[in-house]
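Thanks for asking me to look over this model with you. Below are my notes, point by point, to read with the structure open beside you.

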Amino acid sequence: MKILDKYILKTFLKPFAATFLIVLFVLVMQLLWQTFENIAGKGISVVFILKFLYYTSLSIVPQALPIAVLLSSIMALGSLGENYEFAAAKSAGISLQRLVRPLVFLTLILSGINFLFLNNIFPYAILKQQNLYYNIKKKKPALALVPGSFNSDLPNYQIKFEEKYGEEKNLLKKVLIYDLSSRQGNQKVITAERGKIISEEGSRYMTFILYDGYYYEDHTKSQRSPR
């Protein structure tokens, strides 16, 4: 490798390492912010959260790598142009294609690494991340319910509520439940001003205790076809 190639790669790799770590940190924090409400203050151990962050970082690497390559390329080439090194290379008879050739080879190598990462490590990281999140919801099933939207995690039921509060986030306000077990649409509707979720750790089932509510059922006679 010639001295020029070493200098170009050195100019590229320094900002690349910095931008990759910064982009990775920003993307991980963005994803963590989206799931922070569901994992913070729920009695989950620090080791469990660190594992979740580790697998989240692995799943974010394929997104952070192209962004880091783009930003570091702009910074490296901008630095060369700002210091008139492009002009010095051109005056020495070195073309622009020759100057950026080591960067082209390096980006091809990084593309191959990213492909292998997506093909092998990314599915593994996603699987582990989903398993950890599933274990969180299994430990605290109430965490699976999201306020303000219909939740379909429970088979044959659609559950909606305005707010989830309390120390364990198991108290609900303005509960609306559609019972779809009859397979005939939402003919059974349950409403309540307040509700409470009771579940044992590791259990697949949740018990809803509702207060100040009503139960509606639509009794529609089936129409017989004329003979």
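1. Let me start with a strand pair. This is a predicted model, and in it strand β3 (residues 171-179) and strand β4 (residues 188-198) pair in the antiparallel sense over eight bridges. Within this pairing, V175 stands opposite A192 in β4, and L176 stands opposite T191 in β4. If you look along the strands, a general rule is handy: in a regular strand, side chains alternate between the two faces of the sheet.

2. Next, follow β4 to its other partner. β4 and strand β5 (residues 207-217) pair in the antiparallel sense as well, over 10 bridges. A192 is a useful residue to click on here: opposite it in β5 stands G213, while in the pairing of β3 with β4 its opposite number is V175.

3. Two shorter pairings involve β3. Strand β1 (residues 157-160) is joined to β3 by four bridges, and the two run antiparallel; in that pairing I159 stands opposite I177. Strand β2 (residues 163-165) also runs antiparallel to β3, with three bridges between them, and K164 has L172 as its bridge partner.

4. Where do these strands sit in the overall order of elements? From the N terminus on, the chain runs α-α-α-α-β-β-β-β-β, which is four helices and five strands. Of the 227 residues in the chain, 30% are buried.

5. Now to the helices and what they pack around. The largest nonpolar core holds 28 residues, and those with the most contacts inside it are F12, F16, F20, L24 and A64. Helices α1, α2 and α4 are the elements that give two or more residues to this core. The most comes from α2, which gives 11 residues. As a general background, nonpolar side chains tend to be buried together in soluble globular proteins.

6. The rings deserve a look of their own. There are five aromatic pairs in the model. One of them is F16 with F20, a stacked pair with 6.1 Å from centre to centre and 20° between the planes. Why do these two rings end up about one helical turn from each other? F16 and F20 are four residues apart in helix α1, so about one helical turn separates them. Both are buried: F16 has a relative accessible area of 13%, and F20 has 18%. Ring pairs also bring in F12, so that F12, F16 and F20 are linked into a cluster.

7. A second ring pair joins two helices. Y55 and Y124 form an edge-to-face pair, 6.1 Å from centre to centre and with 75° between the planes. Because Y55 lies in helix α2 (residues 46-82) and Y124 in helix α4 (residues 96-139), the pair ties together parts that are 69 residues apart in sequence. Are the two tyrosines buried or exposed? Y55 counts as buried at 14% relative accessibility, whereas Y124 counts as partly exposed at 42%.

8. On the outside of the model, there is a nonpolar patch to note. I22, F25, V26 and M29 form this patch on the surface, with about 380 Å² of accessible area together. M29 is placed in helix α1 (residues 3-39). With a relative accessible area of 32%, M29 is partly exposed.

9. Finally, two backbone angles that you may want to inspect. Most residues other than glycine have a negative phi. K174 has a positive phi of about 55° although it is not a glycine; K174 is placed in strand β3 and is partly exposed, with a relative accessible area of 40%. D212 likewise has a positive phi of about 55° without being a glycine. D212 lies in strand β5, and at 53% relative accessibility it counts as exposed.

Notes. Residues numbered from 1 in each chain as written. Predicted model: local features only at pLDDT ≥ 70, side-chain atom pairs only at ≥ 80, totals over all residues. Heavy atoms only, no water. Patch = residues over 30% accessible without salt bridge, like charges linked within 9 Å, V, L, I, M, F, W, Y side chains within 5 Å. Areas by Shrake-Rupley, 256 points an atom, 1.4 Å probe, with all protein chains shown as cover. Salt bridge = Lys/Arg side-chain N within 4 Å of Asp/Glu carboxyl O. Buried < 20%, exposed > 50% of the residue type's maximum accessible area, 1.4 Å probe, protein only. Pairing = 2+ DSSP bridges. Phe/Tyr/Trp six-rings, centres within 6.5 Å; stacked < 30°, edge-to-face > 60°. Core = buried A, V, L, I, M, F, W, Y, C linked by side-chain atoms within 4.5 Å.
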